[in-house]
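Hi there,

Here is the structure I promised to pass on. Have a look at it first, and my notes follow underneath.

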Amino acid sequence: MRKLLLSLSGLAALVVAWDLAVRFGPPTLLPLPAAAGRAILELAANGLLLRHLVASLYRVTWGYLLAVLLALPVGLFLGVYPAGERAFGPFLELLRPISPLAWIPLAIFWLGIGDLAAVAIIFLASFLPLALTVKNGVRRVPAVHLQVGRNFGLGERELVRKVILPALLPQLIVGLRLALGIAWLVVVAAEMLAVNSGLGFLIVDARNAGNRYDLVVAGMVLIGLVGLVLDLGVRRLERLPALRWAYADGETGK
Amino acid sequence: MNSPGETAPQAAEKLRLTDLTVTFESEGKQVPVLDGISLTVAPGEFVCILGPSGCGKSTLLNVVGGFLRPTAGKVEIDGREVTGPDPRRIFVFQERGVFPWLTAEENIGFGLDGLPREERRERVRRYVELVGLQGFERAFPHELSGGMKQRVEVARALAMNPDMLYLDEPFGALDSITRMTLRRELLRIWEAERQTILFVTHDIEESVQLADRVVVLSQRPARIRRVVEVAIPHPRDLSSRQYLDLRDSILAEIGLAHQV
Amino acid sequence: MRAPKDRGAVLLPLLTAVVLLGLWQIAVVLTHTKVFPPPWAVARALGELARKGVLLSYIGDSLFRVASGYLLALAMGIPLGLAMGWYAGVALAMNPVVQVLRPISPLAWIPVSIVLFGVSNLATIFLIFLAAICPIVVATMNGVRSVPRMYLQAGRNFGLRPAAVLARVVLPAALPQILVGLRIALGISWLVVVAAEMIAVDSGLGYLIIDSRNAGKRYDLVLAAIFLIGVIGLALDLLTRRIERMPRVRWGFRTD
């Protein structure tokens with residue numbers, strides 16, 4: 001019980017500080033927390049909440065799934081064949097720091113305003129870190145395990161399936177969680193610039209069409225909460241008993 | 001309160017364990033680890049605590065060292081109860097206790113911050129020499145072998161001029177050749193400086209080679225099965241009748257206890 | 001471990017680079033596209049920027065904003081992370097705050113930051129600060145939490161007070177992990193500066209992207225800017241990796 005109170009105290013303090021700052025600070029367009037809360041209810045009431053939420057989730061799902069489907073084989077390839085890594089590695093490293101947002105103008109130009117551009121940007125943003133995670137994970141598999149596999153007569157395909165993939169799994173799931181976080185971040189950004197629906201669009205539209213900052217902040221709060229839920233969901237996967245072996249290190253902590 | 005046969009005066013007693021009991025709670029159940037351990041150790045004595053893995057020897061050492069509070073009983077050093085760790089009684093772990101971000105000489109000088117610079121440098125130099133690490137002062141632990149790291153840790157402990165040394169299976173991760181070398185060196189240092197030493201091990205031979213007395217512990221919950229006096233003067237001949245008999249008797253004692 | 005480090009490591013990517021550039025050029029020619037620039041047009045655009053004298057100043061502006069936001073995030077994030085790693089109570093209270101704020105894209109903060117700071121450098125620095133502080137706090141907290149108990153015991157054994165244990169044992173032991181967090185945060189900061197500059201400032205690489213497109217569909221400049229962003233980002237990353245190789249922290253990065 002005490003733990004629950006403690007974990008809520010940080011958030012509560014934040015909300016209180018927000019409220020006081022708006023109430024007693026210099027005049028500002030920022031809404032009070034209560035106003036943002038009411039705005040959320042308003043959105044729920046007129047069905048916009050659901051509509052925008054679904055739009056965002058739809059794009060994330062597509063972009064993210066595509067990224068996962070492609071990142072796995074690419075990462076495996078780069079990890080297993082050092083020549084591949086030497087050839088393409090530096091590129092991936094070069095592309096990595098480039099914000100997916102920088103690609104937005106190009107994406108809009110080629111694919112026009114709409115879902116395709118957003119999905120493409122999400123795909124790009126999630127694909128790279130995921131591929132790199134897979135590649136690094138493959139390299140981290142202890143040579144011993146590979147030797148045992150070969151000793152037991154496993155061919156390349158089987159080696160990947162029976163030794164590399166399972167060994168890769170814990171890190172992969174962490175990578176999946178991080179990439180999902182990135183995808184969620186990016187979808188909002190992409191929506192602010194490239195489409196006409198979704199939570200990101202909601203924020204931009206609320207401001208442009210009438211300075212409804214209560215809706216703006218409501219949108220932000222919703223984004224934070226959905227992102228949190230997605231993250232917690234994937235964390236559950238990390239706790240599967242099949243993966244416990246990766247955490248069985250012991251000896252740490254106070 | 002005195003253990004049977006203990007007639008020495010109070011002054012000749014460094015460490016006294018009285019009815020030490022430790023029970024852990026795990027998933028709602030009470031897990032007894034130590035059960036009524038009583039022991040006295042004289043100053044300058046080398047005592048080995050011997051027992052199979054998992055029997056609670058390390059827990060015992062942690063309680064003695066002040067890192068764990070006993071569930072019952074008490075630990076007294078120089079007549080005063082132990083309530084926490086103290087720089088006069090230094091732990092030596094397996095070489096993993098060495099700080100990886102400090103060089104060998106920085107590790108050795110770690111506890112010497114209160115000293116003036118010249119004195120600290122001199123002391124570090126002395127102990128580097130004592131453990132035979134000249135030339136490696138500026139090396140980082142990841143550049144050293146396991147045996148060398150262990151020496152760093154021992155030197156670090158000794159540089160504090162402690163009254164007592166607690167060693168928790170310090171040579172466990174080393175190869176047997178290095179182990180024998182380090183045992184010899186430990187004895188050499190001990191004979192020169194005569195700290196009171198508590199040495200935890202699961203290696204019967206090691207205990208008989210090193211200790212004045214071997215405290216044999218049972219399986220969990222650990223009790224003292226037997227205290228064996230090893231009255232052989234150093235250097236000990238490992239093929240002598242006396243040594244072999246002592247070793248065999250301990251072997252038999254433990255072996256019998258583990259028969260199903 | 002890779003075998004021949006020298007020749008192969010440079011030759012192969014160089015070869016692939018040439019091939020890709022070639023394909024790019026061919027694609028542009030074949031499709032007769034009027035808008036997507038071929039490689040040499042991008043190179044020329046870079047030259048144009050240099051001649052106009054804006055190349056260095058734009059890069060400098062972007063770097064300045066990153067540095068400011070990043071250093072602020074460092075100054076606040078590391079102590080917060082230390083507190084969260086050391087005191088379970090602080091972690092319990094602050095974790096939800098971090099987890100809720102983290103998914104909110106810096107771009108989504110733009111309206112709020114403009115309200116708070118107006119259209120100015122301060123707004124972009126604020127965005128970068130927000131983006132960088134999360135990974136720093138999380139990495140620091142995890143670094144502190146994973147310090148082996150043995151080190152803490154040794155610290156106490158040697159008579160160190162809790163503050164000294166924190167400074168002389170916990171911090172150095174956690175440093176490798178903290179550095180990883182710092183590196184990631186730097187990468188994110190660089191990513192975000194581009195987005196942040198799209199707001200409404202009037203200089204910098206991100207601004208260049210938006211402005212080149214709006215003020216004349218100069219996609220060669222857009223790509224030139226993207227290229228610069230990639231290169232500088234890579235350089236920053238390599239720089240921080242060098243720091244990870246210093247002996248005081250190298251021990252934390254060895255793959256045994």
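Two residues count as in contact here if their C-beta atoms, placed from the backbone, lie within 7 Å. By that rule, 17 residues from chain B and 16 residues from chain C make up the contact between these chains. On the chain B side, 13 of the residues are nonpolar, three are polar and one is charged.

Please keep in mind that this is a predicted model. The predictor gives the complex an ipTM of 0.77 and a pTM of 0.79. For chain C, the average pLDDT is 83, and 91% of the residues score at least 70. As a general caution, predicted coordinates should not be read in detail where pLDDT is low.

Next, chains A and C: here 49 residues of chain A are in contact with 45 residues of chain C. Several helices of chain A each supply at least two residues to its side, among them α1 (2-24), α8 (156-194) and α10 (213-238). That side of chain A divides into 31 nonpolar, eleven polar and seven charged residues.

And what about the interior? The largest nonpolar core has 211 residues, and those with the most contacts inside it are I121(A), I122(A), A183(A) and I128(C). Helix α8 (residues 162-197) of chain C brings the largest share of this core, 20 residues.

If you want one spot to zoom in on, try I121(A). Leaving aside residues up to four places away in sequence, I121(A) touches P100(A), W103(A), I104(A), A107(A), V186(A) and A190(A).

Enjoy exploring, and best wishes!

Conventions
Residues are numbered from 1 along each chain as its sequence is written. Chains are lettered from A and ligands numbered from 1 in the order in which they are written. This is a predicted model: local features need pLDDT of at least 70, side-chain atom pairs count only at pLDDT 80 or more; totals for chains, interfaces and linings use all residues. Ala, Val, Leu, Ile, Met, Phe, Trp, Tyr, Cys and Pro count as nonpolar, Asp, Glu, Lys and Arg as charged, and the others, Gly among them, as polar. Helices (H or I, at least four residues) and strands (E, at least two) are DSSP runs, numbered from the N terminus. pLDDT is the predictor's confidence in each residue, from 0 to 100. A nonpolar core is a set of buried Ala, Val, Leu, Ile, Met, Phe, Trp, Tyr and Cys residues joined through C-beta atoms within 7 Å. A residue is buried if 20 or more other C-beta atoms lie within 10 Å of its own, exposed if 12 or fewer, and partly exposed in between; C-beta atoms are placed from the backbone.
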